[in-house]
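User: Can you walk me through this model? I'm a first-year student, so plain words please.

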Amino acid sequence: PTADLFEDESSMETAEGLIKKAKAGDINEAENELFDLVETRTMDNLLIGLAFYSYLNEMDNDFLVANNFSREEVREGLKSLVAVYGLGDMAEIFFYD
């Protein structure tokens, strides 16, 4: 994620930490941490979530499956994230087939 997206350095570090966990294969744990964060509904936490799902969306299917995740879970997770913020169907703009 780019640092200028976030209001403070700790948000950037949080996003990087979640992505680092995902890279290590702890995708489900990282996603759980993300949803704990977004309970506060701050703009930075939304941006952290968008960066996280953008990263997951770029991962290949083999990596996702090997780490007990799926492309559909990426879509559903992003839909859930934007729904928390009342953004409805905005998730669809992030996916392309």
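Analyst: The talk below goes through salt bridges, helix packing and a few single residues.

User: What kind of model is this, and how are residues numbered?
Analyst: This is a predicted model, in which local features need pLDDT of at least 70 and side-chain atom pairs count only at pLDDT 80 or more, while totals for chains, interfaces and linings use all residues. Residues are numbered from 1 along each chain as its sequence is written, and side-chain values use heavy atoms, with hydrogens and water left out.

User: How many salt bridges are there?
Analyst: The count comes to three salt bridges. A salt bridge here is a side-chain nitrogen of Lys or Arg within 4 Å of a carboxyl oxygen of Asp or Glu.

User: Which residue pairs with Glu 29?
Analyst: Glu 29 pairs with Lys 21, and their closest N and O atoms are 2.9 Å apart. Glu 29 is partly exposed at 41% relative accessibility. The terms work like this: buried is under 20% relative accessible area, exposed is over 50%, and partly exposed is in between, using a 1.4 Å probe and protein chains only.

User: And what does Glu 33 pair with?
Analyst: Glu 33 also forms a salt bridge with Lys 21, at 2.2 Å from N to O. Lys 21 lies in helix 1 (residues 9-23) and Glu 33 in helix 2 (residues 27-37), so the pair ties together parts that are twelve residues apart in sequence. Helices are DSSP runs of H or I with at least four residues, numbered from the N terminus.

User: Are those two buried or exposed?
Analyst: Both fall in the middle class: Lys 21 is partly exposed at 23% relative accessibility, and Glu 33 is partly exposed at 32%.

User: Where is the Glu 76 bridge?
Analyst: Glu 76 and its partner Lys 79 both lie in helix 5 (residues 71-84), three residues apart, which is about one turn of the helix. Their closest N and O atoms are 3.8 Å apart. Glu 76 is partly exposed at 35% relative accessibility, and Lys 79 is partly exposed at 32%.

User: Which residues are joined into one network?
Analyst: Lys 21, Glu 29 and Glu 33 are, through salt bridges that share partners.

User: New topic. What span should helix 3 have?
Analyst: Helix 3 (residues 43-58) has 16 residues and should span 22 Å at 1.5 Å a residue; its end C-alpha atoms are 23 Å apart, which agrees. The expected span is 1.5 Å times one less than the number of residues.

User: Which residues in helix 3 are buried?
Analyst: Among them are Leu 46, Ile 48, Gly 49, Leu 50, Ala 51 and Phe 52. The buried residues of helix 3 pack against helix 1, helix 2, helix 4 (61-66) and helix 5.

User: How do helix 2 and helix 3 pack?
Analyst: Two packed helices are described by the angle between their axes and the distance between the axes. Helix 2 and helix 3 pack at an angle of about 160°, with axes 9 Å apart. The axes are lines fitted to C-alpha atoms, for helices over the stretch in contact, and angles run from 0 to 180 degrees between N-to-C directions. Helix 2 and helix 3 are therefore roughly antiparallel, a label for angles over 145 degrees.

User: Which residues meet there?
Analyst: Residues of helix 2 including Ile 27, Ala 30, Leu 34 and Phe 35 meet residues of helix 3 including Asn 45, Ile 48, Phe 52 and Leu 56. Contact means heavy atoms within 4.5 Å.

User: Now Asn 67. Where is it, and what does it touch?
Analyst: Asn 67 is in the loop between helix 4 and helix 5. Asn 67 touches Gly 25, Ile 27 and Asn 28, not counting residues up to four places away in sequence. Asn 67 is buried, with a relative accessible area of 17%.

User: And Asn 68, buried or exposed?
Analyst: Asn 68 is exposed, with a relative accessible area of 61%. Asn 68 has a positive phi of about 55° although it is not a glycine. Most residues other than glycine have a negative phi.

User: Where is Arg 41, and what is its phi?
Analyst: Arg 41 is in the loop between helix 2 and helix 3. Phi of Arg 41 is near 55°, a positive value in a residue other than glycine. Arg 41 counts as exposed at 55% relative accessibility.

Definitions and conventions: Helix = DSSP H or I, 4+ residues; strand = E, 2+ residues; numbered from the N terminus. Parallel < 35°, antiparallel > 145°, perpendicular 65-115°, else oblique.
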